[in-house]
Amino acid sequence: QQCKEKGIEFELLLAYVTEEQLVGDALRLNQILLNLLSNALKFTPKGGKIKVVITQTEKREDNVFLRFEVTDTGMGMSEEMLERLFLPFEQESADTAQKHGGSGLGLSIAKNLTEMMKGQIKAESEKGKGSTFTVDIPFGICD
């Protein structure tokens with residue numbers, strides 16, 4: 001709904017997902033995705049695009065590994081910012097904080113929650129072209 005109001009195209013895709021019921025921490029996963037999507041929405045201008053791709057990357061014994069990729073065509077980040085990205089209270093500049101708001105804690109929290117779920121998070125970005133955040137998390141399989 002917020003994408004529509006802001007004039008941003010939103011797309012959600014599933015790829016190779018074979019399991020419908022998984023065992024995992026829904027609250028933590030929700031918080032991770034909420035942080036990533038709220039940033040994408042905040043930093044993507046009107047006419048931009050946000051895409052979420054959920055891919056089952058592996059199935060091993062009693063585990064399924066899912067990859068969540070959140071890609072936007074927003075303002076992107078510098079290499080220097082990418083190095084500090086997951087530290088608490090980091091924002092690219094005072095201007096960013098003033099213009100877009102936020103506490104600077106969202107990505108630090110997302111990283112901590114991902115690691116608590118025995119997963120990994122990474123970011124790729126190019127200034128002026130957008131960003132992609134990739135989260136890989138293992139889940140248990142229901143009988």
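**Reading side-chain features in a predicted model**

Colleague: What is the relative accessible area of Arg 60, and how does the residue count?

Modeller: Arg 60 has a relative accessible area of 43% and counts as partly exposed, because that class runs from 20% to 50%. The model is predicted, and every value here is computed from it.

Colleague: Which residue does the side chain of Arg 60 meet in a salt bridge?

Modeller: The general idea is a cut-off: the nitrogen and the carboxyl oxygen must lie within 4 Å. The side chain of Arg 60 meets that of Glu 58, with N and O 2.8 Å apart. Glu 58 is partly exposed too, at 34% relative accessibility.

Colleague: How many salt bridges are there by this rule?

Modeller: The count comes to 9. One of them joins Glu 11 and Lys 49, whose closest N and O atoms are 3.1 Å apart. This pair links distant parts of the chain: Glu 11 sits in strand S1 (residues 9-15) and Lys 49 in strand S3 (residues 49-60), 38 residues apart. As for accessibility, Glu 11 has a relative accessible area of 24% and Lys 49 has 30%. Glu 11 is partly exposed, and so is Lys 49.

Colleague: Which residues are linked in a network of salt bridges?

Modeller: The network takes in Glu 9, Glu 11 and Lys 49.

Colleague: At the start of helix H2, which backbone nitrogen does a side-chain oxygen of Asp 25 reach?

Modeller: The oxygen of Asp 25 comes to within 3.2 Å of the backbone nitrogen of Leu 27. The side chain of Asp 25 also meets that of Arg 28 in a salt bridge, 3.4 Å from N to O. Both ends are partly exposed: Asp 25 is at 27% relative accessibility, and Arg 28 has a relative accessible area of 27%.

Colleague: What span should helix H2 have, and how far apart are its end C-alpha atoms?

Modeller: The check sets an expected span, at 1.5 Å a residue, against the distance in the model. Helix H2 covers residues 26-43, which is 18 residues, so its expected span is 26 Å. The end C-alpha atoms are 26 Å apart, in agreement.

Colleague: Which residues of H2 are buried, and what do they pack against?

Modeller: The buried ones are Leu 29, Ile 32, Leu 33, Asn 35, Leu 36, Asn 39, Ala 40 and Leu 41. Their packing partners include helix H1 (2-6), helix H5 (106-116) and strands S3, S4 (63-72), S5 (120-126) and S6 (130-141).

Colleague: Take Leu 29 as a case. What does it touch, beyond residues up to four places away in sequence?

Modeller: Leu 29 touches Phe 68, Met 117, Ile 137 and Phe 139. It counts as buried because its relative accessibility, 15%, is under the 20% limit. A distance along the sequence can differ from one in space, and Leu 29 serves as an example: Thr 114 is 85 residues away in sequence, yet the two C-alpha atoms are 7.8 Å apart.

Colleague: How many aromatic pairs are there?

Modeller: There are 2. In one, the ring centres of Phe 68 and Phe 139 are 6.5 Å apart and the planes stand at 65°, so the pair is edge-to-face. Phe 68 belongs to strand S4 and Phe 139 to strand S6, 71 residues apart. Phe 68 is buried at 4% relative accessibility, and Phe 139 is buried with a relative accessible area of 6%. Phe 86 and Phe 133 also form an edge-to-face pair, at 6.5 Å centre to centre and 85° between the planes. Here Phe 86 lies in the loop between helix H3 (79-84) and helix H4 (94-100), while Phe 133 is in strand S6, 47 residues apart. Both Phe 86 and Phe 133 are buried.

Colleague: How many disulfides does a search of the whole structure find?

Modeller: The search finds 0. Of the cysteines, Cys 3 counts as buried at 14% relative accessibility, whereas Cys 142 is partly exposed at 31%.

Colleague: To finish with the whole chain, how many helices and strands does it have, and in what order do they run?

Modeller: The chain has 5 helices and 6 strands. From the N terminus the order is α-β-β-α-β-β-α-α-α-β-β. Of its 143 residues, 38% count as buried. Among contacts between residues at least 6 apart in sequence, 66% join residues at least 24 apart.

Terms used
Residues are numbered from 1 along each chain as its sequence is written. This is a predicted model: local features need pLDDT of at least 70, side-chain atom pairs count only at pLDDT 80 or more; totals for chains, interfaces and linings use all residues. Side-chain values use heavy atoms; hydrogens and water are left out. Helices (H or I, at least four residues) and strands (E, at least two) are DSSP runs, numbered from the N terminus. Buried means under 20% relative accessible area, exposed over 50%, partly exposed in between (1.4 Å probe, protein chains only). The expected span of a helix is 1.5 Å times one less than its number of residues. Contact means heavy atoms within 4.5 Å. A polar contact is a pair of N or O atoms within 3.5 Å; within protein, one must be able to donate a hydrogen and the other to accept it, and residues adjacent in sequence count only if both atoms are side-chain atoms. Rings of Phe, Tyr and Trp (its six-membered ring) pair if their centres lie within 6.5 Å; planes under 30 degrees apart count as stacked, over 60 as edge-to-face and the rest as tilted. A disulfide is a pair of cysteine sulfur atoms within 2.5 Å.
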